[in-house]
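Please open the structure in the viewer and keep the selection panel at hand. The tour proceeds by selections, each followed by a description of what is found there.

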Amino acid sequence: MSKKECIAMLLAGGQGSRLGALTSNVAKPAVSFGGKFRIIDFALSNCANSNVDTVGVLTQYRPYLLHSYIGTGEAWNLDERDGGVSILPPYATQTGGAWYEGTADAVTQNLGYIEQNDPEYVLILSGDQLYRMDYADMLATHKKNNADLTIAVMPVPWEEASRFGIITADDEGRITKFTEKPKKPDSNLASMGIYIFTADLLLKALREDAVDQQSEHDFGNNIIPKLLADDKRLFTYEFNGFWRDVGTISSYHETSMDLLGPNPAFDIFDDDFPVMSNTSTRPPSFVGRNGEVDDCLVSNGCTILGKAKHSILSTDAYIGERATVEDSVLLPGAVVKDGAHVVRAILGENAVVEENVSLGSVDATKDTAVIGNDVVVGKGEN
């Protein structure tokens, strides 16, 4: 196997419990998003578009759908013999087996994968964020600064800074302080949880952290503060594009709605830096003679006999006659039967809203209605 300049370790084991019913049966990175995509598509597409052709995907919570979805990696052009996508679940050794205890521990348990590929640099990514980034540009910044670690950062409103891990840097971009969710932030540069390490330093830092019984084995809480204390060369890479962590129902719904309109906040149709997916080919969508579609993303295989407005209709979604769907997200296979009314709701995969049922509320102060995968909402239920 030839030596790689940079490989990626993609952390995709999160449960995503704040997404409630949407992650009751699947890992957060496998949740459907944007009609035909799944959340992990965005990080994998970024890798492919950035010529990072060797990606280890670290899975843990309910990984089966994720494993089958990723497959050989062909959908993202990540199926090369000398590289490609590798699924890295927790595994047993002679001394036993254990779940990944933290973000750093997940990578530590797969040091053999890194050593096998013998890269100069290692890119650490999260599998549950939505953004478009050229990692090659970040790597060039890392090399220019002769950095040990480069952290992607994004300016956030000062009033929101206390929600993030905040980076303080000097005029040259060298990091002087890292504070997790500070009450009184002295910077508005938020860590995006995207890191490029010089490989030798990463291996050494992880081995030292693994034997530290006081450590939580987390990059943000342990690895980064330790490197700063040791006066290593840590630098920022500032990103100013679209970036969302869809970790809650409200952020998932809001970000979905950001895909709509004549000037969407995130353009999923960008041909220069495309988002790729492994969604199987389906027949074209069908809009019936009384069907109406206004400001929607409509995926293959949909049937629309009623009205859909300002909504995301994922693959094989169905809207019956006289039914109305508004400000909502229908995940693959979701069914809204004749005469039903759905507003500000998220319907899980293959969920069913029975005839003449009203679901959700136009009142934006109320929580978005969420129906889990395969759940049937019967007559009289709200």
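Which residues make a nonpolar surface patch of about 200 Å²? Select Val287, Val293 and Val298, which together form this patch. The model is a predicted one, and this holds for every stop of the tour. Within the patch, centre the view on valine 293, which belongs to strand E15, residues 292–294. Valine 293 counts as partly exposed because its relative accessibility is 39%, a value between the cut-offs of 20% for buried and 50% for exposed.

**Helix H1 and its surroundings**

Next, select residues 40–49, which constitute helix H1. Of the 10 residues in H1, 9 are buried, and the helix is thus mostly covered. The buried positions are Ile40, Asp41, Phe42, Ala43, Leu44, Ser45, Asn46, Cys47 and Ala48. Proceed past the end of H1 to asparagine 51, where phi is positive, near 60°.

Now add lysine 4 and aspartate 53 to the selection. These two residues form a salt bridge, with 3.2 Å between the closest N and O atoms. Lysine 4 is located in the segment before strand E1 (6–11), and aspartate 53 in the loop between H1 and strand E4 (54–58), so the salt bridge ties together parts that are 49 residues apart in sequence. Is lysine 4 buried or exposed? Lysine 4 has a relative accessible area of 9% and is therefore buried, the cut-off for that class being under 20%. In total, the model contains 14 salt bridges.

**The crossing of H6 and H7**

Select residues 199–210 for helix H6 and residues 219–229 for helix H7. Two packed helices are described by the angle between their axes and the distance between the axes. Here the axes come within 11 Å and cross at roughly 115°. The crossing of H6 and H7 is right-handed. On the H6 side, the contact is made by Leu201, Leu202, Ala205, Leu206, Glu208 and Asp209; on the H7 side, Phe219, Asn222, Ile223, Lys226 and Leu227 take part.

Remain at this contact and display the charged side chains. Side chains of opposite charge can pair when their charged atoms come close. Glutamate 208 and lysine 226 form a salt bridge in which the closest N and O atoms are 3.7 Å apart. Glutamate 208 is in helix H6 and lysine 226 in helix H7, 18 residues apart, and the pair links distant parts of the chain. Both partners count as partly exposed: glutamate 208 has a relative accessibility of 36%, and lysine 226 one of 41%.

Which other side chain meets lysine 226 in a salt bridge? Select aspartate 230, for which the N to O distance to lysine 226 is 2.8 Å. Aspartate 230 is partly exposed at 37% relative accessibility. Add Lys204 to complete the view: Lys204, Glu208, Lys226 and Asp230 are linked in a network of salt bridges.

**Helix H8**

Move to residues 249–257, helix H8. How many of its 9 residues are buried? The count is 7, and H8 is described as mostly covered. The residues to highlight are Ile249, Ser251, Tyr252, His253, Thr255, Ser256 and Met257.

**Two positive phi angles**

Select aspartate 118, in the loop between helix H4 (111–117) and strand E6 (121–126). Aspartate 118 is not a glycine, yet its phi is positive, about 50°. Its relative accessible area is 41%, so aspartate 118 is classed as partly exposed.

Then select lysine 181, in the loop between strand E10 (175–180) and strand E11 (189–198). Lysine 181 also has a positive phi, near 50°, in a residue other than glycine. With a relative accessible area of 53%, lysine 181 is exposed.

**Around strands E26 and E27**

Finally, select glutamate 354, in the loop between strand E26 (352–353) and strand E27 (358–359). Glutamate 354 is partly exposed, at a relative accessible area of 22%. Draw a C-alpha to C-alpha distance from glutamate 354 to valine 376: the two are 22 residues apart in sequence and 7.2 Å apart in space.

Serine 358 is in strand E27 and is partly exposed at 38% relative accessibility. From serine 358, draw a second distance to asparagine 77, which is 281 residues away in sequence and 43 Å away in space, C-alpha to C-alpha.

How values were computed:
Residues numbered from 1 in each chain as written. Predicted model: local features only at pLDDT ≥ 70, side-chain atom pairs only at ≥ 80, totals over all residues. Heavy atoms only, no water. Patch = residues over 30% accessible without salt bridge, like charges linked within 9 Å, V, L, I, M, F, W, Y side chains within 5 Å. Areas by Shrake-Rupley, 256 points an atom, 1.4 Å probe, with all protein chains shown as cover. Salt bridge = Lys/Arg side-chain N within 4 Å of Asp/Glu carboxyl O. Helix = DSSP H or I, 4+ residues; strand = E, 2+ residues; numbered from the N terminus. Buried < 20%, exposed > 50% of the residue type's maximum accessible area, 1.4 Å probe, protein only. Axes fitted to C-alpha atoms, helices over the stretch in contact; angles between N-to-C directions. Left-handed = near helix turned anticlockwise from the far one by under 90°. Contact = heavy atoms within 4.5 Å.
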